[in-house]
Amino acid sequence: MLGRGDGRPINEDTPVAPCSRKGEVRARAADALLLAHRAGRVEVVIGRASDFYGPEGGKTHFGDHFWPAALHGKTVRALIDPDAIHTYHYTLDVARGLVALGGAQAEDCGRVWMLPCQPAGTARALVARLAEALGRPIALAATPRAMAAALALVMPVVRELKEMLYQWDQPFVADDTRFRARFGLQPVAVAQAALDTVTWARQHYSATS
């Protein structure tokens with residue numbers, strides 16, 4: 001995964017220094033694609049984003065683990081640090097960004113772009129926005145790392161997440177300045193994104209319950 005190790009914003013110039021198995025796989029895949037682009041075998045442009053929330057985000061931190069509890073007034077057990085500063089990309093911003101990259105000019109290809117996002121904040125603040133859109137409080141409780149480690153022994157999804165928890169040990173902030181300047185796309189306002197996410201969650205999780 002991209003990372004500076006000092007909390008500075010992550011942008012297109014941030015050195016790729018993976019410290020996890022998943023990060024190493026992503027780095028190798030990106031290198032192979034960009035090498036193929038430089039060799040003229042394929043036209044490549046890469047869009048990057050942090051963790052997601054929003055419509056169709058069932059496999060995110062604010063998806064299948066989050067909404068069944070939140071919609072029924074139960075406490076949501078956060079597997080991540082709810083008070084760490086972190087960029088959360090809205091799914092529809094990511095989709096619009098990828099569409100824009102799909103129509104990119106030749107000079108925009110062969111490189112990485114940070115997809116559009118709202119300013120970084122805490123998961124707790126984002127949950128407060130979702131609760132406002134929902135019309136009632138959402139109780140959020142942190143899961144101690146020791147408990148997460150124990151859960152990882154019996155739950156494969158937690159085991160996979162445990163490897164990435166370092167991203168909440170310090171501010172993890174994405175900088176989309178270049179993308180906005182080049183493609184003119186602004187992220188959806190947080191209030192609207194929260195409202196659309198709640199609308200989707202009500203429809204999706206009532207249909208699957």
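This report describes salt bridges, one helix and one buried histidine in a predicted model.

**Salt bridges**

The structure contains six salt bridges. Three of them are listed below, with the N to O distance of each pair.

| Pair | Distance (N to O) |
|---|---|
| D83 and R124 | 2.7 Å |
| R182 and D108 | 2.8 Å |
| R96 and D93 | 3.1 Å |

In the bridge between D83 and R124, whose side chains meet at 2.7 Å, distant parts of the chain are linked: D83 belongs to the loop between β3 and β4, R124 belongs to helix α4 (residues 123–134), and 41 residues separate them. D83 has a relative accessible area of 45% and is therefore partly exposed. R124, at 35% relative accessibility, is likewise classed as partly exposed.

The side chains of R182 and D108 form a bridge at 2.8 Å. Because R182 sits in helix α7 (residues 177–183) and D108 in the loop between α3 and β5 (112–114), this pair ties together parts that are 74 residues apart in sequence. The arginine, R182, is partly exposed with a relative accessible area of 36%. D108 has a relative accessible area of 3%, so this aspartate counts as buried.

The bridge between R96 and D93, at 3.1 Å, lies within a single element. Both residues are part of helix α3 (residues 91–102), three residues apart, which is about one turn of the helix. Residues three or four places apart in an α-helix point the same way, because there are 3.6 residues a turn. R96 is partly exposed, its relative accessible area being 32%, whereas D93 is buried at 1%.

**Helix α3**

The helix that holds R96 and D93 has twelve residues. From its first C-alpha to its last, α3 reaches 16 Å, close to the 16 Å expected at 1.5 Å a residue.

Which residues of α3 are buried? They are T91, D93, V94, G97 and L101. Viewed down the axis of α3, the buried residues fall within an arc of 155 degrees and so line one face of the helix. V99 and G102, on the other side of α3, are exposed. The cover over the buried residues of α3 includes the strands β1 (46–48), β2 (51–53), β4 and β5, together with helix α7. Helix α7 also carries R182, the partner of D108 in the loop between α3 and β5.

**H86 and its surroundings**

The loop between β3 (76–78) and β4 (88–90) contains H86; D83, described above, lies in the loop between β3 and β4 as well. Is H86 buried or exposed? Its relative accessibility is 0%, so H86 counts as buried. The H86 side chain reaches the backbone oxygen of Q167 at a distance of 3.5 Å. Apart from neighbours within four places in sequence, the residues in contact with H86 are S50, D51, A120, G121, Q167, W168 and F172. Q167 thus appears both in this contact list and as the residue whose backbone oxygen the H86 side chain reaches.

**Cysteines**

How many disulfides does the structure hold? It holds zero disulfides. C109 is buried, with a relative accessible area of 11%. C117 is buried too, and the corresponding value is 2%.

Terms used. Residues numbered from 1 in each chain as written. Predicted model: local features only at pLDDT ≥ 70, side-chain atom pairs only at ≥ 80, totals over all residues. Heavy atoms only, no water. Helix = DSSP H or I, 4+ residues; strand = E, 2+ residues; numbered from the N terminus. Buried < 20%, exposed > 50% of the residue type's maximum accessible area, 1.4 Å probe, protein only. Polar contact = N/O pair within 3.5 Å; in protein donor to acceptor, adjacent residues only side chain to side chain. Contact = heavy atoms within 4.5 Å. Salt bridge = Lys/Arg side-chain N within 4 Å of Asp/Glu carboxyl O. Disulfide = S-S within 2.5 Å. Expected span 1.5 Å × (residues − 1). Arc of directions from axis to C-beta.
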